[in-house]
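Please set the sequence and the model side by side before reading on. The briefing below goes through the sheets, the ligand surroundings, the helix packing and a few single residues.

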Amino acid sequence: MDEVTRQNREHTLFSWSVQSQANPIHMTGGQGVYFFDDTGARWLDFSSQLINLNVGHQHPKVLEAIKAQVDTLCFAGPGFATGPRAELGTKLSEVTGLAKTFFTLGGSEANENAIKMARHFTGRHKIITRYRSYHGATMGSMTASGDMRRWPVEPGMPGIVRVFDPYCYRCPFGKTPDSCGRECVSHIEEVIQMEGPQNIAAVLVEGITGSNGLLVPPDDYYPRLRALCDKYGILLITDEVMSGFGRTGTYLSTQHYGIMPDIVTCAKGLTSGYMPLGAVIVNEQIAAYFEDHMLWGGLTYSGHPVSCAAGVANLRVYEEERIFENVREQGAYLEGRLLAMRDRYACVGDVRIKGLFSVLELVRDKGSKAPLAPYGGSSPEMNALAAYLKAHRVYAYSRFNFLWVCPPLVITRAELDEGLAVYEDALAMLDRQ
Ligand code: PLP
């Protein structure tokens, strides 16, 4: 362990880690889809760090914009108007079709504030979320999350009611997509009736579920959910922190399904991680409500000029470098490769993909669909897979029995091939075990 890593370990705490087991890579630099460690080794970043580094490492145009803003005005309080805030707010209204943005520092805070605004606007207090979901690590957003990351903060924030997910590979209702009647939506109506529609402020869902196995909903899921929310005057909040801002080839993943949420939360890809920034983007009605009602919320760093400048530059790169087109092109290629892996390797049970947002679900055998590691746990096989990828300097996100492919959106076919070759060898190794 080098000195820097030792000091990191000795004097700082690492997220989501038993500290004695934290084994960080000492990152010293990056370029495009690659980063470098202290030994000089080059790693292929097949996970865009935390699925946020959409324009890749050290993009010169974003760096330039940050430097220019630092030289001009490094900080302005949240009650001031600034150029970058104006430009980014305007751009977000344009690309989402929503009205106004409240800026936060990241996704967790965005969800906290979205919940608060929904409660104020509707005068109702309950929020419906899904079990296989993650909405952040602050108290409220962690309670709103459905997976086991919420357990340590329970009982957490009151008023969260959970429903099941559109997880077609393992349908919680035991159905198949062609004949299910979308029970994953109709059961939400039953829950609404049991909880009292007059008490429910919002349904909060990830646009496309990310860290719980990338669950791509059936095409008519969102139109049905939108109609259900309208029927009961319930707001639809989509958390696009991971699935938004280019990851699936659109600004919002729900744009694939032709619906408009009432509130969108985002972060990550909004600046490609170059500066911390999150956003709560609200529709006309909610914006109008806060014209003559107090917005009970504020953050010292809301609308930080350097973060907003990074966001503006990042979205400009999206347009100038035709990032969405690359996502569509490379995503189609990636889909073909992943489906071929599903056919070739016994351990690949399912493939789910939208743009460059994709996952392999790994199983002991395709017939029984027994997961290669239990939900919420690990297994020697999944540990061996992670070790193999690490040894071959491919930085990948794996959790339970899921293995993601979420590279920076600037990736080329040759770079995809480089990582996929290592994935194929790793899957072949698992099949041999
Ligand atoms: N929502 C989703 C869907 C996420 O994936 C994440 C982080 O991974 C968050 C919220 C929390 O965002 P942050 O870590 O920026 O607070």
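**Sheets, ligand shell and helix packing**

Strand 4 and strand 10 pair in the antiparallel sense over 5 bridges, where strands are DSSP runs of E of at least two residues, helices are runs of H or I of at least four residues, and both are numbered from the N terminus. Two strands are said to pair if DSSP finds at least two bridges between them. This is a predicted model, in which local features need pLDDT of at least 70 and side-chain atom pairs count only at pLDDT 80 or more, whereas totals for chains, interfaces and linings use all residues. Residues are numbered from 1 along each chain as its sequence is written.

**The sheet of 7 strands**

- Strand 4 and strand 10 belong to an open sheet of 7 strands, which has the order 4-10-9-8-7-5-6 and mixed pairing.
- Strand 4 (residues 100–104) and strand 6 (residues 160–163) each have a single partner strand and stand at the edges, so one side of each is left without a neighbour in the sheet.
- Neighbouring strands of this sheet are turned by 20° against each other on average, with direction ignored; the axes behind such angles are lines fitted to C-alpha atoms, for helices over the stretch in contact, and angles between N-to-C directions run from 0 to 180 degrees.
- Within the pairing of strand 4 with strand 10, F102 stands opposite V280 of strand 10.

**Strand 9 and its two neighbours**

- Strand 9 (residues 263–266) runs parallel to strand 8 (residues 235–239), and 3 bridges join the two.
- With strand 10 (residues 278–282), strand 9 pairs in the antiparallel sense over 4 bridges.
- V264 has a bridge partner in each neighbour, for T238 is its partner from strand 8 and I281 is its partner in strand 10.
- I263 and T265 point one way from strand 9 while V264 and C266 point the other way, and all are buried, a term that applies if 20 or more other C-beta atoms, placed from the backbone, lie within 10 Å of the residue's own (exposed means 12 or fewer, and partly exposed lies in between).

**The sheet of 4 strands**

- A further open sheet has 4 strands in the order 1-2-3-13, again with mixed pairing.
- Its edge strands are strand 1 (residues 27–31) and strand 13 (residues 394–395), each of which pairs on one side only.
- Strand 3 (residues 42–45) pairs with strand 13 in the parallel sense over 2 bridges, and D45 stands opposite Y395 in strand 13.

**Around the ligand**

- Of the 15 residues around the ligand, those that come nearest are G106, G107, S108, G136 and V241, where a residue counts as near if its C-beta atom, placed from the backbone, lies within 6 Å of the molecule.
- Helix 5 (residues 107–122) gives the most to this shell, with 3 residues.
- The shell divides into 5 nonpolar, 8 polar and 2 charged residues; Ala, Val, Leu, Ile, Met, Phe, Trp, Tyr, Cys and Pro count as nonpolar, Asp, Glu, Lys and Arg as charged, and the others, Gly among them, as polar.

**Helix packing**

- Helix 11 (residues 323–344) packs on helix 13 (residues 413–432) at an angle of about 15°, with the axes 11 Å apart.
- Helix 11 and helix 13 are therefore roughly parallel to each other, the cut-offs being under 35 degrees for roughly parallel, over 145 for roughly antiparallel, 65 to 115 for roughly perpendicular and oblique for the rest.
- The crossing of helix 11 and helix 13 is right-handed, which describes a near helix turned clockwise from the far one by less than a right angle, an anticlockwise turn being left-handed.
- Helix 12 (residues 380–391) and helix 13 pack at an angle of about 150°, with their axes 10 Å apart, which makes helix 12 roughly antiparallel to helix 13.
- The crossing of helix 12 and helix 13 is right-handed.
- The axes of helix 3 (residues 60–72) and helix 10 (residues 305–320) come within 8 Å and cross at roughly 150°, which makes helix 3 roughly antiparallel to helix 10.
- The crossing of helix 3 and helix 10 is right-handed.

**Two single residues**

- R42, in strand 3, is exposed because 12 other C-beta atoms lie within 10 Å.
- L88, in helix 4 (residues 83–96), counts as buried because 28 C-beta neighbours lie inside 10 Å.
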